[in-house]
Structure formats: C-alpha cells, structure tokens
Number of protein chains: 2
Amino acid sequence: MSAIPIYRLEERHPQAQACAACEVRSSALFGVLDDAGLDRIHTQIAALTLAPDTPVYDRGTAGLAVYTIRSGLVRFERSNARGDRRIVRIAGRGDLIGQEALLQRPYADEAVACTELQLCRIPRTLVDQLAQGRDSLPRELMLRWQQALDAAESWVSDLSTGPARRRLLQLLQRLALHADAADQIWLPRRDEIGAMLDMTLETASRLVSQMRREGVLELLPGRSAQLDRPALQRALQQEDDT
Amino acid sequence: MSAIPIYRLEERHPQAQACAACEVRSSALFGVLDDAGLDRIHTQIAALTLAPDTPVYDRGTAGLAVYTIRSGLVRFERSNARGDRRIVRIAGRGDLIGQEALLQRPYADEAVACTELQLCRIPRTLVDQLAQGRDSLPRELMLRWQQALDAAESWVSDLSTGPARRRLLQLLQRLALHADAADQIWLPRRDEIGAMLDMTLETASRLVSQMRREGVLELLPGRSAQLDRPALQRALQQEDDT
DNA sequence: CGAGCCGTTGAGGGGATTCAAGCTCAGTGG
DNA sequence: CCACTGAGCTTGAATCCCCTCAACGGCTCG
C-alpha cells in the first residue's frame with residue numbers, strides 16, 4: 001500500500017499524479033511550480049500520445065494550446081510558394097512547442113510527430129492565468145521573440161532552398177521590405193550575398209549581373225540599388241510555376 | 001517659441017524628448033508606455049549611431065542590453081566548425097535585437113550593421129525593473145523562445161550550409177542528441193532527409209548508403225539506426241579541416 | 001602610381017539533380 | 001498460397017548547375 005492517505009489519493013486528480021511524477025518536470029515549463037501549484041493546474045493539462053507522422057497542429061490554425069514534449073521528436077514543416085516543403089526545425093524531449101498560441105496567433109509551422117510522441121497539452125488560458133499579466137511588457141517581449149523565430153525559420157525555407165537564382169530573388173524581395181521611399185534597397189557586397197544564400201561570391205556576382213541585365217535591378221553607387229518591383233514579382237512568379 | 005513651459009523643458013531629459021518624438025515608438029518595445037512612463041525610463045536609454053560594417057555585439061559576450069532598431073539594417077552572423085561564416089538572419093526598423101541579454105545569456109550571434117544604423121540601447125536592468133517579475137513564468141517562457149530561436153538559426157548555419165555529405169553528418173550529430181540508451185537514433189525517411197537538408201531523396205539515399213559502408217551507421221528495422229559516435233566524430237572532423 | 005579591395009567574366013571540373021530501372025518488403029485479395 | 005501492388009530504398013547514366021581557379025578592370029587610398 002502507498003503511504004499517501006486514501007483521501008489524498010482520491011482527492012488528487014490522476015493528472016496531478018502524472019505531473020508530480022513527470023520525468024521532464026524539472027526541465028519543463030512549469031518546473032518552477034511546487035506540488036501545491038501543480039494541484040491547481042493539473043485538471044487543465046492533458047497527456048497525449050501520438051503515432052509517427054500524425055500532425056500535432058497545422059500551420060495557420062488558431063492556436064489554443066502549447067505543448068511540452070515528454071518523449072519523442074517533432075518536426076516543423078513549411079512549404080514555400082513553389083510548393084516544395086522544407087523541414088525548418090526539430091524539437092525533442094523537454095521542448096515547448098506552439099508558443100505562438102500564447103500570443104493568440106496562428107501556428108507558424110506544421111508540427112508533425114517523427115517518432116511515437118508523448119505530449120502535454122497546456123491551454124493558453126492556463127498560462128495566461130499563471131502569468132497574470134496586467135502589465136503587457138512580457139507580452140511585448142514574447143511577440144518580439146516570436147517574430148525573430150519566424151524570421152529565422154522563413155530564412156531556411158525561403159533563402160536556403162532551391163536553385164541559386166530563386167534564392168537571390170527571394171533575398172531581393174526581403175530586402176525590398178526595408179526599401180526607402182524611392183524603392184532603393186541596400187544591396188550587400190557579393191561575398192555577403194554568398195554568406196546569406198550559401199553560394200560563392202562569383203555565383204552571386206553572376207546572378208546580380210543577370211538581374212541587372214533583366215532590368216530587375218539597377219546598381220547605384222554606395223552599395224544601394226534601384227528595384228523594379230513588378231519585374232521582381234514577375235521573375236519570382238516564373239520561378240514558382242514550372 | 002514652444003508651448004511647453006520653460007521649466008518643463010529644462011526638467012525633461014533630452015533623451016525623453018527623443019523618445020517622445022521617436023518615429024518607431026508605437027511599434028517599439030516600450031510603445032505601451034505613456035509619457036509619464038517614458039519620463040521614468042529615459043535616463044537609462046541611449047541613442048546610438050553606427051557606421052556600416054561595425055559590430056553591435058559579438059557572439060559569446062555577456063549581454064547587458066537589448067537594442068531597438070530605429071533605422072537601418074542589422075545582420076546576424078555565425079561561423080561553423082569549418083570556419084566559414086553564414087548570415088542567418090537580418091533585422092530592420094522596429095525590431096528588437098539581443099534579447100538573449102534579458103535571460104543573462106551570452107549573445108547567440110554576431111550582430112553587425114549593414115547600413116548606417118540608429119539604435120536605442122536598453123539596459124537589461126531597466127527591462128527587469130519594468131517587468132518586475134517576482135513570478136518566474138515569463139522568464140521560463142522567454143527561455144523557451146530563445147532556445148527555439150537558437151535552434152532555428154543553427155539549422156541555417158549547420159544544416160543548410162556546405163556540401164551534401166557534410167550536411168548529412170551534421171544532421172546525424174543532431175539526431176544523436178535524441179538517441180536512446182543504446183545509441184539508437186531515429187532515422188528519417190530519405191525524402192524527409194531531403195526536406196531537411198535541401199537535397200533530393202536520391203542524394204540522401206546515396207549518402208546514407210555511403211555512411212553505412214563507412215561504418216558510421218547501421219540500419220535497423222523500423223526507421224531507426226545504430227550510430228557509431230566515434231566514427232561520426234571522425235568523419236565530421238575530416239570535413240572540417242581541409 | 002602602385003597596392004588592395006570589390007566586382008565581373010571565362011574555362012573547366014565536380015557534385016548534385018534528373019530520369020530511369022530494379023530491388024525488398026508489407027499488405028491485399030484472388 | 002502466391003501473384004499483385006505500391007511504398008520506400010538503392011543504384012546507374014547523363015545532364016546541368018554551381019564551384020574552383022584564373023585573369024582583368026574600376027575604384028579608392030596611402
């Protein structure tokens with residue numbers, strides 16, 4: 001027989017026992033909570049088990065929960081305009097996934113189980129409750145972090161995928177987001193383009209020249225360039241069908 | 001003459017005026033603060049201007065501040081074991097950079113000005129003060145976010161850089177982090193390896209076979225494999241010198 | 001004016017893709 | 001029981017894209 005009094009056994013929700021015994025608890029999100037804290041939250045947390053290749057969540061759907069990985073691997077997938085999907089990250093035991101949900105944002109990737117997967121599902125409202133953020137600074141901070149994460153992941157799926165010409169076009173499109181009033185963009189040195197797109201500076205140079213001949217770009221003195229946005233869009237379009 | 005009483009003009013710190021007039025204020029980290037709030041913090045915030053190609057901070061140094069970008073572009077660089085550096089992200093106007101500092105962690109990348117750059121330097125202690133986090137949940141959350149960001153950026157610099165063989169070795173090393181007790185790893189399908197490393201499934205297959213012949217891997221039934229860690233380390237080492 | 005950085009362009013070779021065929025193996029139904 | 005099927009993996013041959021090595025021109029700066 002267990003040493004725990006019988007009324008305690010009955011009183012405690014089965015999930016509370018699971019949480020108290022959880023192997024990843026100390027490294028997990030709520031590791032800082034004590035047993036009493038666990039008692040308050042356990043009823044809202046659900047333990048899930050998923051088979052390999054089943055989705056945890058889909059990109060774009062409204063996120064209502066985050067998940068802690070208790071065992072197994074998860075991969076994050078994105079597909080670009082050309083239609084080919086790219087795996088941009090994996091997460092494993094102890095990692096927290098789907099954090100976009102805390103910002104009431106749609107999930108940024110499709111998350112799929114690699115192996116058999118054991119998860120704890122934590123509703124957004126529960127985290128809100130515990131954070132009790134009257135002051136909105138943490139939220140602002142989290143927003144920044146998520147934006148950085150999103151930028152890093154789309155760097156993989158857009159700028160590190162496919163043939164060199166397409167990667168350069170994607171880069172130009174991204175630089176265009178920071179263009180000034182006259183549609184002038186900052187154009188990196190050729191070796192910097194190489195470091196961004198994983199190509200040699202010669203290849204970068206050839207492609208930039210090609211863009212110039214096609215009228216997408218016009219080089220200006222001082223590391224800047226005039227961009228013809230419609231031409232860029234047309235070129236990108238052409239890359240994406242086929 | 002201004003409508004502001006002269007004593008107010010003198011009373012207000014010059015930085016407070018700069019903050020109040022800031023063009024990116026509404027989209028910036030402290031956008032939620034009102035004028036009174038600004039009055040409390042302005043003395044600690046410094047406006048900086050950097051020339052192109054000057055570093056904002058270095059990878060690995062202890063972070064004491066975060067920065068808001070008021071104008072210009074910043075690139076984040078990493079160099080891998082082979083010595084070639086890769087740009088893994090860029091940030092622009094309104095973005096917050098160096099958030100690792102809030103967790104008292106070293107900066108994860110080298111941040112360098114692309115263009116002329118205008119920044120606001122915000123000390124970590126100031127953010128702490130405003131967040132007043134006795135409760136450590138926000139910190140835990142931020143930690144998770146930073147881990148995800150770090151994983152995404154090293155995905156670029158490790159798994160999306162260099163020749164196919166090296167990329168696969170890097171992937172194996174990463175999968176080895178999630179190995180079970182007997183050093184068995186989850187081995188993705190060939191097309192999944194392709195989606196991770198941006199190569200065709202045929203190339204992935206050829207390389208996996210090559211690893212098998214070299215004794216780095218032993219294929220096991222059910223999408224798993226036995227890994228010879230020393231052999232893997234040797235193979236990676238060999239890739240990295242030359 | 002020579003040195004050095006940056007960019008451009010060419011020639012040749014190599015690594016990855018493309019297209020294709022054949023293999024193993026699990027599941028299915030005659 | 002076994003042909004049949006389809007998914008996943010492997011391997012070959014030809015092609016092509018990109019890298020490597022190289023030479024050269026414009027430009028700034030000491």
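Let's start at Thr203(B), where a polar side-chain atom sits 2.2 Å from a phosphate oxygen of DNA strand C. Keep in mind that this is a predicted model. Two other residues of chain B also reach the phosphates of this strand: Thr200(B) places a polar side-chain atom 3.2 Å from a phosphate oxygen, while Ala164(B) uses a polar backbone atom, 2.7 Å from a phosphate oxygen. The elements that give two or more residues to the surface near DNA strand C are helix H8 (201-213) of chain A and helix H8 (201-213) of chain B.

Now step back to look at that surface as a whole. DNA strand C is surrounded by 18 residues, and the closest include Arg190(A), Arg206(A) and Arg206(B). H8(A) provides the largest share, six residues. By class, the surface near strand C has ten charged, four polar and four nonpolar residues. On the DNA side, 61% of the strand C atoms within 4 Å of the protein belong to sugar or phosphate, and the rest to bases.

Turn next to DNA strand D, which also has 18 residues around it; among those that come nearest are Ala164(A), Thr203(A) and Arg190(B). Here you can find contacts to bases. Arg206(A) has a polar side-chain atom 3.0 Å from a base oxygen of strand D, and an N or O atom in the side chain of Arg206(B) is 3.1 Å from a base nitrogen of this strand. Ser205(B), in turn, brings a polar side-chain atom to 2.8 Å from a phosphate oxygen of strand D.

H8 of chain A and H8 of chain B each supply at least two residues of the surface near strand D, and H8(B) gives the most, with seven. That surface divides into nine charged, five nonpolar and four polar residues. Of the strand D atoms within 4 Å of the protein, 62% belong to sugar or phosphate and the rest to bases.

How does H8(A) sit against helix H7 (residues 190-197) of chain A? Their axes come within 8 Å and cross at roughly 105 degrees, so the two helices are roughly perpendicular to each other. H7(A) makes the contact through Arg190(A), Asp191(A), Ile193(A) and Gly194(A), and H8(A) through Leu201(A), Ala204(A), Ser205(A) and Val208(A). Four of these residues are nonpolar, two polar and two charged.

Finally, take in chain A as a whole. Its domain assignment gives domain 1 (6-158) and domain 2 (162-240). The domain centres, taken over C-alpha atoms, are separated by 37 Å, and seven residues of domain 1 are in contact with eight residues of domain 2.

How values were computed
Residues are numbered from 1 along each chain as its sequence is written. Chains are lettered from A and ligands numbered from 1 in the order in which they are written. This is a predicted model: local features need pLDDT of at least 70, side-chain atom pairs count only at pLDDT 80 or more; totals for chains, interfaces and linings use all residues. Side-chain values use heavy atoms; hydrogens and water are left out. A residue is near a molecule or strand if one of its heavy atoms lies within 4 Å of it. A polar contact is a pair of N or O atoms within 3.5 Å; within protein, one must be able to donate a hydrogen and the other to accept it, and residues adjacent in sequence count only if both atoms are side-chain atoms. Helices (H or I, at least four residues) and strands (E, at least two) are DSSP runs, numbered from the N terminus. Ala, Val, Leu, Ile, Met, Phe, Trp, Tyr, Cys and Pro count as nonpolar, Asp, Glu, Lys and Arg as charged, and the others, Gly among them, as polar. Axes are lines fitted to C-alpha atoms, for helices over the stretch in contact, and angles run from 0 to 180 degrees between N-to-C directions. Angles under 35 degrees count as roughly parallel, over 145 as roughly antiparallel, 65 to 115 as roughly perpendicular and the rest as oblique. Contact means heavy atoms within 4.5 Å. Domain bounds come from an automatic or database domain assignment.
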